[in-house]
Amino acid sequence: MATRLRPSSKRCAVIGGSGFLGRHLVERLVDKGYTVTVFDIRQSYTIPGVTFHQGDLCDKQALLKALQDVLLVFHCASPAPGSDDRALFHRVNIDGTRTVIEACQEAGVQRLVLTSSASVVFEGTDIKNGKEDLPYAKKPIDYYTETKIQQEKLVLNACSKERGFLTVAIRPHGIFGPRDPQLVPILVDTARRGKMKFIIGDGSNLVDFTFVENVVHGHILAAECLKAESPLCGQAYHITNDEPVRFWDFMSQVLVGLGYDAPRYHLPYWLVYGIAVLLWFLTLLLRPLVAIKPTFTPMRVALAGTHHYYSCARAKRDMGYQPVVSLKEAITRTVESYPHLRRDVLKGAKS
Ligand SMILES: NC(=O)C1=CN([C@@H]2O[C@H](COP(=O)(O)OP(=O)(O)OC[C@H]3O[C@@H](n4cnc5c(N)ncnc54)[C@H](O)[C@@H]3O)[C@@H](O)[C@H]2O)C=CC1
Ligand SMILES: CC(C)=CCC[C@@H](C)[C@H]1CC[C@H]2C3=C(CC[C@]12C)[C@@]1(C)CCC(=O)C[C@@H]1CC3
């Protein structure tokens, strides 16, 4: 008679494993000796030993196939925050997460680690050293964030010691690092279009930017500490670099590192915010006629002009979290990883 081997605790699945964070997570898990299955709607790379399942997380049957013999699941899939497709956010982040939970429970998964976001408590006004007990935003800054709130609630409420299904949510903030398709590319594109000359507000607002390897470290620690008797069950944890930095200093360091000028001229915060809101209304009105994507959305202006940094004391206390890469080293490594976005290289390519 064939005997079925017990699933190994070092076998895991990463839903969204083809994305920026997901791929870094997969690489670290492989380094640490995990056997990894990736589930994603696209496959963007190959790594020996990593199995890929291409599918939509809203498809329970496809998920069930990928989750066979898996005891630990990381869920870091989401549509990109820049999308304005509300139906897609709802379908993937809310309905899809419900499907992920059901599939995990049916497949006998024991631990689910969700990548949430620190922005679930952000309403566009200052947050200084915010703790996890801040209430969810009543008026989330955009629809993406609204669906991240619902997603986090679904995952945390599904935690059940009785059923042997444990869940935890990691709330990173401002993830950056090599291969990030958002932060540095948006910044460089804005600079190249001559729109990075201005500092919104007085430039003193502190923000968390978190190096991707620290976010990965937080996820793996959470997975390894998530046990029935641990305080992590059904809880959310901020994971940051624990080094809040002036938003405009961070932007300037990246820009100057890539050969661009740092922004210099100040504009009043409320003026820019007001213009962004007006532009947003205009794009809504004109949507049936033309699709415009403004650089200055209210959300981006709020992110650029307010304090938003979070305490990771809870993660330090409950899982012994400490960032593994300092902000200084993280910025250097990130800048070095984008040689193709350097001003001299892009200029050379044009001429
Ligand atoms: N990048 C950031 O600064 C922050 C990101 N987060 C969260 O971290 C997670 C990962 O973000 P990133 O790696 O930056 O995004 P990403 O866009 O690089 O990766 C997301 C992945 O999810 C996959 N995906 C999307 N819809 C899917 C579906 N229906 N079925 C299967 N796979 C699907 C995509 O193909 C992609 O590979 C997301 O949940 C995001 O909300 C939270 C805070 C900050
Ligand atoms: C800490 C945190 C949550 C960062 C989020 C990352 C992105 C939302 C930022 C990456 C590049 C930023 C950026 C702006 C806003 C925020 C980002 C998109 C501006 C549009 C703000 C207004 C400007 O003057 C230009 C900026 C370009 C870069």
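Strand β1 and strand β4 (residues 72–75) pair in the parallel sense, with four bridges between them. In this predicted model, β1 also has a parallel partner in strand β2. Two ligands are present, one with 26 residues around it and the other with 17. A UniProt record adds a domain and a transmembrane region.

**Strand β1 and its partners**

- Strand β1 covers residues 11–15 and is mostly covered, with four of its five residues buried.
- On the β4 side, Cys12 stands opposite Leu72.
- Strand β2 spans residues 35–40 and runs parallel to β1, joined to β1 by five bridges.
- On the β2 side, Val14 stands opposite Val38.
- β1, α1 and β2 together form a β-α-β unit, and this unit is right-handed.

**Around ligand 1**

- The shell around ligand 1 holds 26 residues.
- Gly16, Gly19, Leu21, Ala77 and Ser78 are the closest of them.
- Helices α1 (20–31) and α3 (86–107) each supply at least two residues of this shell.
- α1 gives the largest share, three residues. This helix is also part of the β-α-β unit with β1 and β2.
- By class, the shell has twelve nonpolar, ten polar and four charged residues.

**Around ligand 2**

- The shell around ligand 2 holds 17 residues.
- Gly174, Leu183, Thr190, Arg300 and Ala304 come nearest to the ligand.
- Three elements each supply at least two residues here: α5 (183–192), β9 (198–200) and α9 (298–305).
- The largest share comes from α5, with four residues.
- Eleven residues of this shell are nonpolar, four are polar and two are charged.

**Strand β12 and Ala236**

- Strand β12 runs over residues 235–239, and Ala236 is found in this strand.
- β12 is mostly covered, since four of its five residues are buried.
- Strand β7 (residues 166–172) pairs with β12 in the parallel sense, over five bridges.
- Ala169 stands opposite Ala236 in that pairing.
- Ala236 counts as buried because 23 other C-beta atoms lie within 10 Å, and the cut-off for buried is 20 or more.
- Beyond its neighbours within four places in sequence, Ala236 is in contact with Ser116, Glu132, Glu152, Leu156, Ala169 and Arg171.
- Ala169 therefore appears twice, as a contact of Ala236 and as the residue opposite Ala236 across the strands, given that contact here needs C-beta atoms within 7 Å.
- Ala236 and Ala118 are 118 residues apart in sequence, yet their C-alpha atoms are 9.5 Å apart in space.

**Regions from the UniProt record**

- The unreviewed UniProt entry places "domain: 3-beta hydroxysteroid dehydrogenase/isomerase" at residues 13–267.
- In the model, the span 13–267 is 36% helix and 20% strand.
- The end C-alpha atoms of residues 13–267 lie 46 Å apart.
- The same kind of record, an unreviewed UniProt entry, places "transmembrane region" at residues 270–290.
- Over residues 270–290 the chain is 81% helix and 0% strand.
- The end C-alpha atoms of residues 270–290 are 27 Å apart.

Conventions:
Residues are numbered from 1 along each chain as its sequence is written. Chains are lettered from A and ligands numbered from 1 in the order in which they are written. This is a predicted model: local features need pLDDT of at least 70, side-chain atom pairs count only at pLDDT 80 or more; totals for chains, interfaces and linings use all residues. UniProt positions are given in the numbering used here, feature names are shortened, and annotations may be inferred rather than shown by experiment. A residue is near a molecule or strand if its C-beta atom, placed from the backbone, lies within 6 Å of it. Ala, Val, Leu, Ile, Met, Phe, Trp, Tyr, Cys and Pro count as nonpolar, Asp, Glu, Lys and Arg as charged, and the others, Gly among them, as polar. A residue is buried if 20 or more other C-beta atoms lie within 10 Å of its own, exposed if 12 or fewer, and partly exposed in between; C-beta atoms are placed from the backbone. Two strands pair if DSSP finds at least two bridges between them. A crossover is right-handed if, with the strands pointing away from the viewer, the path from the first strand over the helix to the second runs clockwise. Two residues are in contact if their C-beta atoms, placed from the backbone, lie within 7 Å.
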